[in-house]
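Me: I am new to reading protein structures. Could you walk me through some features, one at a time?

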Amino acid sequence: MKIIHFFGLLFLSVATLQGQDLEKEAIYKINTLEALVKKASKKDIDVLKEKTTIRTAEVFLKFANWDEKNLDKNTKLFKLVPSFKKEALKMATGLAAFERSDINLMLDKSIAEITSLIEGKTFRKASPNVDWTKVKREEDHLSFKNRPVFLADYTWKPETKELTEFHGDLDGFFLTPTYVTKEDGTINKRISTDLKEKSNGSLGFIFMNHKSVPKWAEEKYGPNFSMREDTYTEYDIDNPGARELQAKLIGNVVPEMAGKEYSQLGYMLCNEPHFFTYTDATKKKLPWASGGVSHFTIEKFKVWLSKKHQTIAKLNSVWNSNFKDFNAVKIAIPIDISLKGTPIWYDWTAFNMDRVTDWYTFLKTEVTKYDADAKVHLKIMPSLWTDNKRVHGIDLEALTDLSGIIGNDSGAAHKYTWGKPHKWEEDYAFEWRELCMGYDFMKSVSPNKINFNSELHYLSTVKSRDLYLDPSYARATFWLAHTFGLDASQIWYWPRNADGSISKKAINNKGYAGTNTQQPRVTNEVAMTLIDLNSYSEEILAFQRQRKPVRIFYSKTSAINKKEHMDDLYRLYEGLNFEGIPLGFVTENIIKKQNNKNWDVITVYNTPFVTNDELKALQTYLNNGGTVILDDKSLVKNEYGNELNTLTDGKGTIIKLNSVAKIKNNVLSILKEKNLLSDIAIEETNSVSKKGCIWKVIKNEKGNNVLSVVNVGKSDATLRISLNGSGNIICKDLIKGISVSATPTLKPNEVYFVEIIAKK
C-alpha cells in the first residue's frame, strides 16, 4: 500500500509540474490573442468570439487550479459514475492537466481564426453582443436591436460579471408552496422583501416548484395531502387544498412580477411534470416515478367516466363489468401494465392526461388573473411523447396548446455511462429522435410560439456523458436544435461556484463528473455556436418558420393502446427526415384548429386505433380535397377495439401504401408535382446503411439558397450538391465567408452552412 501511495504522490507531483507549464503556455496564448484582438478591432473585424474565448480560458484556468488542489473531492465524484469508477483516481489526478491542455487547444484555434481574418483569408459577419436587459419577447422569437436573437445560459451558474458577460445572463425568480407560511396566505417575509426590492432585471422566467408543502397545509388538507414525494410534484393535485394553496401563493406574488423583464420568458408551471400510475406484477417494485392516487382522483375518474360513457350500461359493456352505477366503479391504481390495450387501460390513461391538463389549466388561469400578459409553459420532457409510454399523465399536445411559450427540456444522448448499447448507436453519432421529432411535433401544435428549453440536456444527462467529448458534438446539437425551432435555453449545467469549487447542490451529485465545467472547449463551442447563429439569425428563423408540407398523423389513441406505437412512427419519420423536407405532424385538433392549406399530404402509418372524432377529422380533410397516404394497418378500430367505418376519398385522394420506402417515394413525387421541392438536391454516400445528414434549405433576402446540413451519422458522409440539377455551383461557407467544396465530406457531428449560387 505504501508503494502504491508513493507512486500516486509521484504521479501527482509530475502532473503538477506539467500543469504549471501548461498554465504558463495558456497565459502566453491569452496575451497573444489579446494583442490580435486589438489589431483586428482596428480593422473593424468583429471580435466577440475571441473575447468570449479569452474569458472562457481565464475561467477554466481557475477551475483547473481548484481541481488540482482537490483530488479527493473529484475522485469521490468520478467514482459515482459507473463507467468512470475504475479509473476514478486516474481521471481525477489528470483532470487539471486535461483542462489546461484543452484550454491551449481552444486558444490555438482562436488564434488561427483571428489571424486568418486579419490576413484577409477568411471573413466574418458581425454578431451582436446581446444585452439581456434589452431583449424583447416577440410572438415567435426573441429580438435584440430589431433582429432575431438566440440565447443560452446555464442552470446554477453564479451571477457574477465574469460569467454573465459572455456565457448568459438569464434572470428569474423561484417559487415554492412553503413560501405561504400561514393559512391566511401570509407570504414569507424575506421572499416578500426580495420581490419588492428586486429590480426589473434581465430576460428571465419564474420557476414554480412543487417539491414541498407548508406544515399548515398538511394539517389542514389531511395526512395524505403530501404524496408521490419522489417526483417533482409531491402533493395531491386533486385535493381541493392544492388549488387553495396555489391560489394564495400566486395571488400574493405574481402582481409583483407582472411586467418585469425577469418574467418575460414566462411562468414555468412545473419542473419535469410526470404522473406515472402503473405497475408491473412481474416486477418486485414499482416502475420509476410511479405511484398511486387519492380518493379525490378516483372520484374525478368516476365523473369522467360518466361523461365519457353516459350510462353505466355502456361502461359495463365496454369494460365487460357489472357495476351498479358510476359511484360503484372500482379500479386498482397503480394499474397493471398487463392491461395495456384494454378499455380500462385506455380510459384510465386518457383520464390521467385530462386531469393533469386540467390542473395546469387552473394554474395558468390563476397566473393570468394577476398578469394579463403572462406566458406560461412547462418543462416537459419530450421523451414522454417520443417514447412509447403514455400512462404518465402528460398530454404534450394539450399542454403545448395551453402554453404561451413552448416549454421543454429536450435532450440528446451521445455516450452512455452504463447499460447495454442502444439500437441508434449502430447508425448515428448521437440520438436525435427526441430533439428533432419532439420539436417538429411541438412546432406543429404551436407554430407561432417561442421555444424555450429550460433544462437543455444535449451536453450531459446523468446517463449520457463523456469527459472527452468532441466539441463538434456541441455545435451539431445546438445548431440542429435551433434550426428545428429552439429560441432560448438554460443548459444543464454549471455546478461550480465562481472560484471553481463545487456548488453545494452538486457536492454529492452523481451527474457532476465529466460534464461541461470540466470541458473548456465544449463550453466555449456552445458560445461560439450561439454567436454564429446570431450572425445569421434571420436565416435561422426562416428555417424555423418553414412551411411543413408533409404531415405525419399522430393518434393519442394508438399511442395509449399500442406497446410500441412511437417506435413505428419514428421509423416513418426517420425515413423522411433526411430528404430536405420540412416535416410536421397533424392530429384531430390540428386538423380542426389550423388552416388545412398549411400542408399538402398527410401520412397515416401503423395507426390501428383512433377515436371516431379522429376518423371524422381525417374524413373532413379528405372531403375538402386533401391527400392521405394510408396503410392497411391503420384506422381499423376505435379506442376500445371495435371496428370502424373506412375512410372515403370525398373530394380528396386516398393512396394506399404499406412500406416506409414507398411512402417516402410517393411523398417526394407529390411534392415534385406541386413544385414544392427545394432547388437543391443532395446525394449522400457513407459507410453505413442509412443516410446521416439532416438538411434544410431556405431562400435568403438576395433570393439565393441557404443550405444547413448536420451529419448525425456514425460515419463520414460525402455529399454531391446540385442546384436545379446542375453541379456547376459556388458554395460559400457563411461562417468563414469563403468558397468551399460543393462535394464536401462531412465528419460525424460536422455542420455545413453555405449560400449556394449558380456559376455564370
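Reply: Happy to! We can start with a strand pair: S11 (residues 406-408) runs parallel to S12, and 3 bridges link them. Keep in mind that this is a predicted model.

Me: What holds strands together in a sheet?

Reply: The strands of a sheet pair through backbone hydrogen bonds, and the pairing can be parallel or antiparallel. Here you can look for Ile406, whose bridge partner in S12 is Asn451.

Me: Is strand S12 enclosed or open to the outside?

Reply: Strand S12 covers residues 451-456, and 6 of its 6 residues are buried, so the rest of the structure largely encloses this strand.

Me: Which residues cover the two faces of strand S17?

Reply: Look at the two sides of S17 (residues 627-630) in turn: Thr627 and Ile629 are on one side, Val628 and Leu630 on the other, and all of them are buried. S17 also has a parallel partner, strand S16 (residues 601-604), with 3 bridges between the two. One place to find the pairing is Thr603, which has Ile629 as its bridge partner in S17.

Me: How about an antiparallel case?

Reply: Try the open sheet of 3 strands, ordered S1-S2-S3, where the pairing is antiparallel. Strands S1 (136-137) and S3 (147-149) are at its edges with a single partner strand each, so one side of each has no neighbour in the sheet. Between S1 and strand S2 (residues 142-144) there are 2 bridges. To see how they line up, find Arg137, which stands opposite Leu142 in S2.

Me: Which residues form the negative surface patch?

Reply: Glu218, Glu219, Glu229 and Asp230 form that patch. Take Glu229 as an example: you will find this residue in the loop between helix H7 (215-221) and helix H8 (240-257).

Me: What is the relative accessible area of Glu229?

Reply: The value for Glu229 is 49%. A residue has to be over 50% to count as exposed, so Glu229 is called partly exposed.

Me: Where does Pro744 lie, and is Pro744 buried or exposed?

Reply: Pro744 is in the loop between strand S24 (738-740) and strand S25 (745-746). Buried means under 20% relative accessible area, and Pro744 has 8%, so this loop residue is buried.

Me: How far is Pro744 from Thr718, in sequence and in space?

Reply: Count along the chain and the two residues are 26 residues apart; go from C-alpha to C-alpha in space and Pro744 and Thr718 are 5.7 Å apart.

Terms used
Residues are numbered from 1 along each chain as its sequence is written. This is a predicted model: local features need pLDDT of at least 70, side-chain atom pairs count only at pLDDT 80 or more; totals for chains, interfaces and linings use all residues. Side-chain values use heavy atoms; hydrogens and water are left out. Two strands pair if DSSP finds at least two bridges between them. Helices (H or I, at least four residues) and strands (E, at least two) are DSSP runs, numbered from the N terminus. Patches are made of residues with over 30% relative accessible area and no salt bridge: like charges are joined within 9 Å, nonpolar side chains (Val, Leu, Ile, Met, Phe, Trp, Tyr) within 5 Å. Accessible areas come from the Shrake-Rupley method with a 1.4 Å probe; for residues, only the protein chains shown count as cover. A salt bridge is a side-chain nitrogen of Lys or Arg within 4 Å of a carboxyl oxygen of Asp or Glu. Lys and Arg count as positive and Asp and Glu as negative; His and the chain ends are not counted. The place of a charge is taken as NZ of Lys, CZ of Arg, CG of Asp or CD of Glu. Buried means under 20% relative accessible area, exposed over 50%, partly exposed in between (1.4 Å probe, protein chains only).
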